[in-house]
Amino acid sequence: MTQFPVPPRLPRTIRVPAPAFLRRQSKSVRYGVGAAAAVVLLGLLWAGWKWQSLHAGMPRLPQDMTELWDMNREPATEFVDLNGKTLAVRGPRYGRAVAIEDLPRHVPQAFIAAEDKRFYLHDGADETAIARAAISNAASGETRSGASTITQQLVKNLILDSRQTMQRKAQEITLAQKLEQRMIRENDGDRTAAKNQILALYLNRVYFGSGLYGIDAASRFYFGKPPEEMTIAEASVLAALPKAPSKLNLRENLAGARDRQAYVLGEMRDLRFITREEQDAALAAEIKIIPAPVYDPELGYVLDVAAERLAATLARVPGDAVVTLTIDPKLQSKVQARISKRLAADGPAVNAGQAAALILGKDGRVVALAGGADYKTSPFNRVTQAKRQPGSSFKPFVYALALEDGFSPFDVRSDRPIRIGEWRPVNYNGEFIGPMTLTEALTRSVNTIAAELGNEANPERVVELAQRFGIRSEMKPYPSLSLGSQEVSLWEITGAYGVFQSGGFKTEPYIIAKVTDTRGNVLFDRGPWEKERVYAEELAADMNVMLTRAVNADSGTGGKARLNRWAVAGKTGTSQDWRDAWFVGFTGAYIGGVWVGNDDDSPMKRVTGGGLPADFWSDIMEIAHEGKTPEPIFGAGLALTLGPEAESRISFYRGMAQAFASAARGPTSPGSPSGEVVQQAE
């Protein structure tokens, strides 16, 4: 067997020879160099660790850069009328989005001069300004100047917070640079376009104090004009505010703002944005600050309804919603004032503590809404939130069903004692008149005939028709439903009367015409609404004849609701023990409803729908119709031609004919037991 020699054992440590220049040095020099290298290495490791720690948890830029418009925005809603005039603002005020190209050059230039002179030169963070600020602060021993660019300020305001820490500052610089890089890529490498987008975003989101965000809000709030019309003097004084927005409030410290303005104008001159003459003129120009806008506190009822409808309309309400309301501001103010004044004057004597009113246009738009006597005292909205018994103002739905079932307005029924199960309805005055047409029965608000009609038709079908017309409240199909024993809201019943006024089309009350954000994106637009027919046209005309007579005939309960020069149709209503009193009616132009009562449901002193409510209704409708040309009520031209003698003759002959027909048919059942008490409401 051949023996091979055993290889020598190699050392485990591999020695790397030192560079030649170190081998020539003494041992102490070599140790010194090694120590220095170790310090540098440790410094690099520490710097890497510190960099990572400063950026730990750093937020990301949004995938879609348009999301920056909505980031870190406190929710706010601006309410405007149909002409775009601001009615109220809930939350801070955000101005409309303004494009850089729409502004005079001196407006963005003023902010560049004040906040970031090298804006178009740096990459989001200005290293030169940072070094200069560091030297200045080190020399003074305190923080006397900053170096935040416009892009950094934007990042701080929209993505980060305002804490004065090294970590926040490091993240601010990094995100600002990333933001500019993203913007440049999205603009196909066009650096100027990217910068303009950043500047526009800054100008539209910068805070000016007093709850104002964006130059549009600040310009309109302080100068009463859009930013497109600002002068050099106005632009430069606004550019002074972001430095200390609360301290330099233009209404409280205009002198301080003008001191800062002088600095801004000087920088604009140095950057050759303006000439010496323009600088001097701006310094000498008077700055006219308009009075702060005052919004009507009684609009609270309207705004609450609008806010509720807004949440129900949009799946997500933007933080900068601009809501266009349907109300007529002047009419709204007058109606609210009139209701409050009349209730204060007439309510105490009859123990009436509250009232509510609603006026709708022909298409259902809310033109005025008074939810109570005083919003500041009680914000509870009695138009939309209160559910009360409508009394006889519900009867038109019973008669509408009777006409659908083939009855005529001139069919005769007898007002007499009746019994439906255990229920014995009687009239408001406790008397019985005898035979009369359905028209006269509705005119006089006879309870017995309405109860019979509703029971014969079936109360469940009365519920169905009321819901078809727009009543949303839950109603039980009890026989007393025909006399308005089921609770509804003023909003619902007023809208339901719109079916009569429109000739049979459903009328849904609405208070929001359009919703946009501050950039003008349309989020909701009601626009033209496709009409839904829910009642026959010829039957609506018959009902309008009957409802017009209920107001205009001498025997009608709604005489106090009459208007000068305008035909009125409508119906009074009073619940048991005078707890609720209503008048709901319409003209050729408007539909309106009024409720009077007490929040604790306590009785009033014999207040009926034909009293205060009809009187209030006439009051507010006279205001609404001022200056308008009278319009006829659909189909109601015959209402005023039927006199008492004609009514009496019709009742006599129709009654005789129906008596013979009844005798031929034999006795009929008075109805099934219901276990309900006597209903004596009007």
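## Exercises on a predicted model

Leaving aside neighbours within four places in sequence, Asp 216 is in contact with Gly 95, Arg 96, Val 98 and Pro 227, where contact means heavy atoms within 4.5 Å. The model is predicted, so that local features need pLDDT of at least 70 and side-chain atom pairs count only at pLDDT 80 or more, while totals for chains, interfaces and linings use all residues. Residues are numbered from 1 along each chain as its sequence is written, and side-chain values use heavy atoms, with hydrogens and water left out.

**Exercise 1.** Determine in which helix Asp 216 lies, and whether Asp 216 is buried or exposed.

*Solution.* Begin with the helix, which is α8, residues 215-223; helices (H or I, at least four residues) and strands (E, at least two) are DSSP runs, numbered from the N terminus. Next, take the relative accessible area of Asp 216, which is 3%, so this residue is buried (under 20% relative accessible area, with exposed over 50% and partly exposed in between, for a 1.4 Å probe and protein chains only). Then turn to the side chains, where a polar contact of 2.9 Å joins Asp 216 and Arg 220; such a contact is a pair of N or O atoms within 3.5 Å, and within protein one must be able to donate a hydrogen and the other to accept it, while residues adjacent in sequence count only if both atoms are side-chain atoms. Finally, compare sequence with space: Asp 216 and Ala 97 are 119 residues apart along the chain, and their C-alpha atoms are separated by 7.3 Å.

**Exercise 2.** Find how many bridges join strand β7 to β8, and explain why β8 is described as largely enclosed.

*Solution.* Start with the pairing: strand β7 (residues 354-361) is joined to β8 by 4 bridges, and the two run antiparallel, given that two strands pair if DSSP finds at least two bridges between them. One of the partnerships links Ile 359 with Ala 368 in β8. Now look at the hairpin of β7 and β8, which has 4 residues between the strands, and where Gly 364 takes a positive phi near 100°. The last step concerns burial: 5 of the 5 residues of β8 (residues 366-370) are buried, and therefore this strand is largely enclosed by the rest of the structure.
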